[in-house]
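Open the model in your viewer and keep the sequence panel beside it. We will go from stop to stop, selecting one piece at a time.

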Amino acid sequence: MNYLTVDNLSKSYGEHSLFQDISFSVHKDQKIAFVAKNGTGKTSILNIISGNDQADSGTVTYRKGITVSFLSQDPTFDNALTVEETIFASDNAILKVINNYEKALLNPDDSEAYQAAFDAMEQHEAWDFETLYKQILFKLKLDDLNQKVSVLSGGQKKRLALANALINKPDLLILDEPTNHLDLEMIEWLETFFAKENITLFMVTHDRFFLERVCTEIIELDEGQLYNYKGNYSYYLEKREARIENEAAETGKAKQLFKKELAWMRKQPKARTTKSKSRIDDFADIKHRAHQRRNDHEVQLELNMERLGSKILEFHNVTKAFKDKSILDGFDYTFKKGERVGIIGKNGTGKTTFLNILTETAQPDSGKVIKGDTIKFGYYTQNGITIKPEQKVIDVIREFGDYIPLKKGRQISAQQLLERFLFSRKKQYDFVEKLSGGERKRLYLCTVLIQNPNFLILDEPTNDLDIVTLNVLESFLLDFPGCIIVVSHDRYFMDKVIDHLFVFRGEGVIEDFPGNYSDYRTYEDSQPIVTKIDKEDKKDTKSIKQNETSKLSYNEEKELKNIESKLNTLAYDKKEIENKFNNPDLSQEAINALSEDLQKIIDTIASKEERWFELSSKLEQ
């Protein structure tokens, strides 16, 4: 069943043509990713098919009667509403039924209104839907339903827009970078949600793990042409490479044929036969194919690095808290040369605060951070580049000088450097505010790297960068001889770049995991659920973890380090079961089943606590 048809779509801005006469369709149950380089029109296409922009030519046609939801990168809301009011403000009929029912609950004396609302819930089978929408809000950390939209952060607003789109359960869901502003736990939940829900997706995303696990088809816009790949990201990479190799071979053959036909054209007399006229007509097509060139320029990250001394960076008993919220609690760590650390943890556990303390833009409550004399930070923040009114791209770089030093004493001009970051001479004189989101991030990356840092701090560097640029950045970081700290929800990027992880558990607990993200996920999934241990025991465990010689075997040490890893999962599961007991309509059979589930969790808690104390006692011997 065809849900969406895009026919001969074209879009230009002045003399710059984004795309010409492209056509594709989206059918029921397809999960399609749309990929292209930054600045080639991905977001423009999404805006056109969602009705937020107009094409120069072509048509966009939806199947009659279907519902469509669109997630943009910059959602807008009524700031006067609460989170829950924003959800209920949609056109979803079932949500209106639930809203009426919840209002009826607030007026128990009006039995007639309550009965009508209750009957409507039964008629529309809204009970399961109510559970679903509250679960979605809980998973996206929007469980304070009375919070005003006006006080939400940009990331929270993006998650609210995502929640709205999911809750409406549309026939077709159009998403622009859905994983931006989600932590790893949220992304993995969203992957599972899309896997089990019968929903049709059309999305733009740079998250290669997400592409691999969610999408069943990829449409690529390359050199103004559309290419379809019936498979996931791995299949796409394989077939794309084969296509480009085949195109190169065909161009080579066309060049040989062109030389032959060109020689024939030059020898022909002015009077031509009908047969030769046909050959002359074909010559124009051969010439076009022979002169085709791929615009496959890649970002070139060849920059100098300041010398790195023996002393890098040291944390000594560092503590930081905001009111009752502990971020760091006696944290000790000594960074070594060439260290590559990934930082993961739920939103709000203090990852950005840690980076600010590290770079001395924030001060700890107690303890010391000692920085080596040769350290020069390069800090790529989530805020990105500061846009000044009417500032041109070239002016951004010239603020750092007209000439930029490279390796081995060489230097290049600001214009040449921008060309290495894929900004043409013409593009360099565009205003910064006219750049796409990905182009701004690429320019910002350039400003960070040209300062020749030897300690790179990258806070969500992959947001809005296209896949080609990400691959180049990964290669650059693999060869970078300095220290690297990466905060990212991009699991593919983390796996390639980092050697070990700082896992922010919350409440001041930071674990040092020896491996990349996939190693960590595999280990976490292999662990049984455990319970929370009181704060005193947590502090003891943390002191054991950090910079101490262990009396345990390697496997026992890993077990002890990760024994608290499922605390939040357990707390959530237990809370969910306990909340279900509050439902007055539960049958005796359902109560018995919930009681059995709760008892299993309690038994696991007891067993795991016993093992934790057993391992801890070995360290005290």
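**Stop 1: a helix to check with a ruler.** Select helix α7, residues 184-196. This is a predicted model, so you are checking a prediction. How far apart should the ends of its 13 residues be at 1.5 Å a residue? They should span 18 Å, and the end C-alpha atoms are 19 Å apart, which agrees.

Now look at the start of α7. Show the side chain of Asp183, which caps the N-terminal end of the helix. One of its side-chain oxygens lies 3.2 Å from the backbone nitrogen of Glu185.

Next, colour the buried residues of α7: Leu184, Met186, Ile187, Glu188, Trp189, Leu190, Glu191, Phe193 and Phe194. Look for spacing as you go. An α-helix has 3.6 residues a turn, so residues three or four places apart point the same way.

**Stop 2: a second helix.** Select α3, residues 93-105. Helix α3 has 13 residues and reaches 19 Å from first C-alpha to last, close to the expected 18 Å. Which of its residues are buried? They are Leu95, Val97, Ile98, Asn99, Tyr101, Glu102 and Ala104. Add α2 (83-88), α4 (111-123), α5 (126-139) and α6 (154-167) to the view. The buried residues of α3 pack against these four helices.

**Stop 3: a sheet of six strands.** Hide the helices for a moment. Six strands form an open sheet, in the order β5-β6-β7-β3-β8-β9, with mixed pairing. Find the edges: β5 (68-71) and β9 (225-229). Each has a single partner strand, so one side of each is left without a neighbour in the sheet. Neighbouring strands here are turned by 15° against each other on average, direction ignored.

Zoom in on the β9 edge. Strand β8 (residues 217-222) runs antiparallel to β9, and five bridges join the two. Pick Ile218; its bridge partner in β9 is Tyr229. Now bring back helix α1 (residues 42-49), which packs on the sheet. Helix α1 touches β3 (31-35), β5, β6 (172-176), β7 (200-204) and β8. Its direction makes about 145° with that of β6.

**Stop 4: a sheet of three strands.** Move along the chain. Here the order is β11-β10-β13, an open sheet with antiparallel pairing. Which strands stand at the edges? They are β11 (325-334) and β13; each has a single partner strand, so one side of each lacks a neighbour in the sheet. The twist averages 20° from one strand to the next.

Select β10 (residues 313-322): five bridges join this strand to β13. One pair to click is His316 and its bridge partner Lys368 in β13. Then show helix α11, which lies across β10, β11 and β13 and runs at about 130° to β10.

**Stop 5: one threonine.** Follow the chain out of α11 (351-358) into the loop that leads to β13 (366-371), and select Thr359. Is Thr359 buried or exposed? With 13% relative accessibility, Thr359 counts as buried, because the cut-off for buried is under 20%. Its side chain reaches the backbone oxygen of Leu355 at 2.9 Å. Beyond residues up to four places away in sequence, Thr359 touches Phe377, Tyr379 and Ile457.

**Stop 6: an exposed tyrosine.** For a contrast, select Tyr403 in strand β15 (residues 403-405). Tyr403 has 54% relative accessibility and counts as exposed. Draw a line from its C-alpha to that of Ser413: ten residues separate them along the chain, yet the distance is 4.3 Å. Leaving aside neighbours within four places in sequence, Tyr403 is in contact with Gln411, Ile412 and Ser413.

**Stop 7: an enclosed strand.** Select β18, residues 483-487. Five of its five residues are buried, so β18 is largely enclosed by the rest of the structure. Turn on the side chains. Cys483, Ile485 and Val487 point one way, while Ile484 and Val486 point the other way.

Now add the partners. Strand β12 (residues 340-345) runs parallel to β18, joined by four bridges. Val341 stands opposite Ile485. Strand β17 (residues 455-459) also runs parallel to β18, with five bridges. The bridge partner of Leu458 is Val486. Trace the chain from β17 through helix α15 (residues 467-479) to β18: this β-α-β crossover is right-handed.

**Last stop: zoom out.** Show the whole protein, with its 21 helices and 20 strands. Of its 621 residues, 48% count as buried.

Methods. Residues numbered from 1 in each chain as written. Predicted model: local features only at pLDDT ≥ 70, side-chain atom pairs only at ≥ 80, totals over all residues. Heavy atoms only, no water. Buried < 20%, exposed > 50% of the residue type's maximum accessible area, 1.4 Å probe, protein only. Polar contact = N/O pair within 3.5 Å; in protein donor to acceptor, adjacent residues only side chain to side chain. Contact = heavy atoms within 4.5 Å. Pairing = 2+ DSSP bridges. Axes fitted to C-alpha atoms, helices over the stretch in contact; angles between N-to-C directions. Right-handed = clockwise from strand over helix to strand, strands pointing away. Expected span 1.5 Å × (residues − 1).
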